[in-house]
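User: I am new to this structure and would like a close look at one part of it. Could you walk me through chain B and how it meets its neighbour?

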Amino acid sequence: MARFGMVIDTRKCVGCMDCVVACQTENDVPLGHARDWIATVVRGEFPSLSMEIRSERCNHCDNPPCVHCCPTGASHVSGLGGIVKVTANRCIGCKACLAACPYGARFVHPKGYADKCTFCDHRVKEGKDPACVSVCPTHCMHFGDLDDPQSTVATLLRTSRWHTLLPEAGTRPRVYFLT
Amino acid sequence: MLEFTTTRHNPQVDPVLSVWNWEIPLYLFVGGIVAGLMILGGIAMLRMARGDDTRGYFSLHAPLAAFMLLNVGMVALLLDLAHKLYVWAVYLTFQPTSPMSWGSWVLLIVYPLLMASALIRLPEAWPWLARTVPAIKRWSDALLGRPERIRLLAWLNIVLGVALGIYTGILLSTMVARPLWNVSILGPLFLVSGLSAGAALLHLMSVLLPPKRPAPQGMIGGALGALVQPLGPQAPEKSAANWLIRADVGLLAVELLMLGLLLVGLLTATASHAAAFDLLMSGRFAIAFWGVLIVLGILVPLLLQALELGHRIAHTIVPAALVLVGGYTLRWLMVNAGQVSGIVSTAAR
């Protein structure tokens with residue numbers, strides 16, 4: 001089975017928010033909510049500063065705390081490449097998954113259920129990239145099967161320096177950032 | 001220097017998590033009291049089965065009050081849900097890794113158990129019910145004359161009470177993302193606090209019971225009487241109330257010890273846990289923690305109750321009321337400060 005993941009090159013990302021807008025449009029994300037967003041980190045002392053711009057979203061963790069805490073199984077690991085998903089008509093809106101996610105990647109949809117990035121699985125099923133990846137003007141985002149050694153994502157992870165978010169949480173995130 | 005900016009501004013998530021407001025602390029508080037009442041009621045039932053009516057005094061009131069309070073808790077829980085119409089989905093599955101799933105199923109067993117436990121002595125206290133629904137009288141008779149059945153119910157109350165009390169803490173403590181919650185002592189701490197609050201509530205009820213008045217006979221009067229009046233014309237004997245005060249002194253001391261261990265545990269763990277420690281010790285929750293929980297909710301009632309037991313001051317309801325205030329404050333603090341606490345990372349962020 002495939003194990004989908006994302007590799008994002010922070011050296012190419014300019015923070016244009018195209019990915020954010022593409023996601024809002026593709027997934028009809030309710031106004032005032034975001035399934036993906038831009039984080040900017042500035043480190044160092046002037047004049048030797050460094051900046052990292054990241055397009056962030058649900059990390060579709062290999063060890064997802066949001067799935068473990070869900071009382072109904074609404075939060076689940078899908079058979080399609082291990083994408084972490086929410087079944088809206090099984091979600092009771094208890095918000096345990098929002099509290100359990102160290103990344104704050106989830107929100108409560110105005111209709112009441114927990115919502116978040118799906119890696120655009122409806123597009124992935126058709127062999128397309130997620131909307132955010134497909135619109136990126138700098139081509140800094142890559143999507144694919146981490147377990148396939150021939151895939152772009154696996155190759156990039158073998159040949160580049162990368163980090164994930166909060167690895168100390170033990171969630172084993174599948175969104176990687178090249179630095 | 002490290003500067004972090006984000007374009008994300010999701011409601012209830014940013015700038016800090018605020019998904020749970022007053023409903024969940026109230027539910028955890030009430031759930032804790034119910035657990036405490038089940039354990040204390042179970043002990044009272046064991047005494048009753050042995051024919052010790054003085055100490056078995058609370059065998060009606062504990063399950064009855066627990067049943068009423070559980071309904072309050074369930075309403076609070078339902079109010080918190082964002083997708084209320086789908087609440088049935090909890091009972092279509094069992095998720096072994098989810099404390100909430102365990103809790104939902106435990107509650108499903110607790111309901112009929114509390115009802116059965118309350119029904120043992122309800123016809124005695126509420127004659128209207130016994131006359132109108134003879135089946136309840138038969139059920140009560142089938143239990144009253146059979147100590148072994150009462151003992152079984154008593155042990156079920158105790159075991160499920162411990163499960164319910166611990167679950168209210170484990171519910172929070174399994175979440176790695178919230179360092180303040182992610183400590184193993186939270187389950188036992190909430191259990192002990194629930195026991196202490198349960199003892200305080202029973203104590204309050206036993207003091208407020210109108211003494212030496214014949215039980216009201218009607219439908220509504222009888223129902224209220226069953227909850228707030230003593231069984232028969234006698235008020236509880238002093239030893240019954242003293243039993244609760246003595247238990248509460250011990251429980252408050254254990255709770256204080258556990259809070260101390262919680263703080264030591266947080267301080268000596270990771271940087272994230274140390275930051276959570278600061279939230280309670282000197283941050284924006286410090287006044288609630290030190291002033292309301294430690295001093296008003298534990299130390300003052302501990303002192304007053306010790307003096308009461310030593311016959312140095314008169315018995316009042318003040319310590320019991322303060323214990324209840326402390327019990328709610330503990331849940332309020334943990335739920336709110338826990339949502340603020342998060343993983344502190346110096347590497348990736």
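Analyst: Happy to. Let us start inside chain B: buried residues make up 49% of its 349 residues, where buried means that 20 or more other C-beta atoms, placed from the backbone, lie within 10 Å of the residue's own. Please keep in mind that this is a predicted model, in which local features need pLDDT of at least 70, side-chain atom pairs count only at pLDDT 80 or more, and totals for chains, interfaces and linings use all residues. Residues are numbered from 1 along each chain as its sequence is written, and chains are lettered from A in the order in which they are written.

Chain B has 13 helices and one strand; these are DSSP runs, H or I of at least four residues for helices and E of at least two for strands, numbered from the N terminus. The strand comes at the start, and the helices follow it along the chain. With a radius of gyration of 22 Å, close to the 20 Å of the globule rule for 349 residues, chain B is as compact as a globular protein of that length. That radius is taken over C-alpha atoms, and the rule is 2.2 Å times the number of residues to the power 0.38. The C-alpha trace spans about 75 × 55 × 35 Å along its principal axes.

Now to the neighbour. The contact between the chains takes 40 residues from chain B and 46 residues from chain A, two residues being in contact if their C-beta atoms, placed from the backbone, lie within 7 Å. On the chain B side, strand S1 (2-6) and helix H3 (99-119) each supply at least two residues, and S1(B) gives the most, with five.

What does S1(B) do there? It joins strand S2 (residues 36-45) of chain A through five bridges, and the two run antiparallel. Along this pairing, A:Val41 stands opposite B:Phe4, and A:Val42 stands opposite B:Glu3.

The pairing is part of an open, antiparallel sheet of three strands, in the order S3(A)-S2(A)-S1(B); strands pair if DSSP finds at least two bridges between them. S3 (48-57) of chain A and S1 of chain B stand at the edges with a single partner strand each, so one side of each is left without a neighbour in the sheet. From one strand to the next, the twist averages 15°, with axes fitted to C-alpha atoms and angles running from 0 to 180 degrees between N-to-C directions.

Definitions and conventions: Buried ≥ 20, exposed ≤ 12 C-beta atoms within 10 Å, placed from the backbone.
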